[in-house]
Amino acid sequence: KDSSDYVKGVLNRRFVKKVFTRDEHVKERLIKLGVDSSKLHVSYDPAIMITGEAGNYKKYLSPKQQYMYDDGRKNIVMAISGEADIISKTPIDAIEEAVTRLVERYSANLFLIPTGCGKQCMDTALMKRMEEDIAGKYVTVIEKEFAPEDLVCFLKGVDLIISSRLHMNIFGACAGIPSIGLVRNEKIIDFADILGLPYMELNTFNAEKLTMMSENIFLNADDFRNNVVIKRERMRNVYGASVDILASEIMNM
């Protein structure tokens with residue numbers, strides 16, 4: 001209650017002209033807190049503007065990984081949050097069981113990709129442990145950290161993303177690829193809801209449910225991809241408009 005009152009008090013001050021939120025859900029939450037709705041605008045994460053057109057993903061892959069990427073099998077990308085407090089809530093064994101099913105059922109390659117959030121996140125160590133546990137020739141960790149443009153370029157050759165890292169899901173949208181969000185916080189639910197994509201709470205994770213979600217995406221791949229592209233372009237347009245609003249405000253100061 002104190003935090004809510006503080007946020008409302010700050011944002012409603014006269015000198016606060018514009019407030020930009022990451023999505024419609026946050027805007028609605030601020031309105032419910034009592035923030036003046038005329039100040040509020042949706043901006044979205046600027047990462048949604050990355051196109052991957054100038055990307056070069058090949059420099060991140062070993063010869064074996066490049067062969068896997070191009071071998072005609074389905075490509076699945078997984079990113080799991082490695083912070084200690086998140087790992088403690090993450091059913092790693094169940095996730096490994098689920099992705100093992102996917103690799104076997106769909107003759108898929110699984111690329112485990114740590115994200116660039118710093119060594120303290122331990123994503124790489126977690127991914128290497130998963131690679132060892134699953135122990136299949138079609139499972140590999142890409143350890144070299146991607147630049148965003150290069151990652152989006154890489155994801156264009158992927159069929160499905162499964163991630164508890166929000167930015168991996170955003171980069172997937174940039175590439176026009178559907179994702180399944182593994183929910184570590186409300187941001188992932190919000191993003192999946194905006195794009196009409198499935199998600200699953202970590203504390204209710206179920207291997208069979210993940211398999212069913214993945215199968216639905218594979219069976220309706222064109223519909224999912226077209227929907228992602230349509231929603232992505234709308235988000236880019238909204239982001240562009242927010243930049244124009246801010247620029248106009250600055251010019252009139």
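## A bridge between two helices

With a relative accessibility of 30%, Glu-215 counts as partly exposed, and in this predicted model its side chain takes part in a salt bridge with Arg-105, where the closest N and O atoms are 4.0 Å apart. The pair links distant parts of the chain, since Glu-215 belongs to helix α10 (residues 207-219) and Arg-105 to helix α5 (residues 92-105), with their positions 110 residues apart in sequence. Arg-105, at 45% relative accessibility, likewise counts as partly exposed.

## The chain as a whole

The protein chain of this predicted model has a secondary structure that comes to 11 helices and 8 strands. Its C-alpha atoms fill a box of roughly 60 × 40 × 35 Å when the box is taken along the principal axes. A compact globule of 253 residues would have a radius of gyration near 18 Å, and the 20 Å found for the protein chain agrees with that.

Of the 253 residues in the protein chain, 47% are buried. Among contacts with a separation of 6 or more, 66% are made by residues that stand 24 or more positions apart. The protein chain exposes about 12,600 Å², and carbon and sulfur atoms supply 53% of that area.

## Charges and salt bridges

The protein chain carries 34 positive and 36 negative side chains, and the centres of these two sets lie 4 Å apart. The structure holds 19 salt bridges, and besides the pair of Glu-215 and Arg-105, two further pairs can be described in detail, one of them joining Asp-150 to Lys-59 and the other joining Asp-133 to Arg-129.

In the salt bridge between Asp-150 and Lys-59, the closest N and O atoms are 3.7 Å apart. Because Asp-150 lies in helix α7 (residues 148-155) while Lys-59 lies in the loop between β2 (40-42) and α3 (63-69), this pair ties together parts that are 91 residues apart in sequence. Asp-150 has a relative accessibility of 7%, which is under the 20% limit, and therefore counts as buried, whereas Lys-59, at 48%, counts as partly exposed.

The side chains of Asp-133 and Arg-129 also meet in a salt bridge, at 3.7 Å from N to O. Both residues lie in helix α6 (residues 123-134), where they are 4 residues apart, about one turn of the helix. Asp-133 counts as partly exposed at 44% relative accessibility, and Arg-129 is partly exposed too, with a relative accessible area of 38%.

## A network around Asp-190

Some of the charged side chains are joined in a wider arrangement, for Arg-22, Asp-23, Arg-29, Glu-186 and Asp-190 are linked in a network of salt bridges. Within this network, Asp-190 is found in helix α9 (residues 186-195), and its relative accessible area of 3% is under 20%, so Asp-190 is buried.

When neighbours within four places in sequence are left aside, Asp-190 is in contact with Arg-22, Asp-23, His-25 and Arg-29. Of these contacts, Arg-22, Asp-23 and Arg-29 are also members of the salt-bridge network. As a further reference point, Asp-190 and Thr-51 are 139 residues apart in sequence, and their C-alpha atoms are 22 Å apart in space.

Technical notes
Residues are numbered from 1 along each chain as its sequence is written. This is a predicted model: local features need pLDDT of at least 70, side-chain atom pairs count only at pLDDT 80 or more; totals for chains, interfaces and linings use all residues. Side-chain values use heavy atoms; hydrogens and water are left out. Helices (H or I, at least four residues) and strands (E, at least two) are DSSP runs, numbered from the N terminus. The radius of gyration is taken over C-alpha atoms; the globule rule is 2.2 Å times the number of residues to the power 0.38. Buried means under 20% relative accessible area, exposed over 50%, partly exposed in between (1.4 Å probe, protein chains only). Contact means heavy atoms within 4.5 Å. Accessible areas come from the Shrake-Rupley method with a 1.4 Å probe; for residues, only the protein chains shown count as cover. Lys and Arg count as positive and Asp and Glu as negative; His and the chain ends are not counted. The place of a charge is taken as NZ of Lys, CZ of Arg, CG of Asp or CD of Glu.
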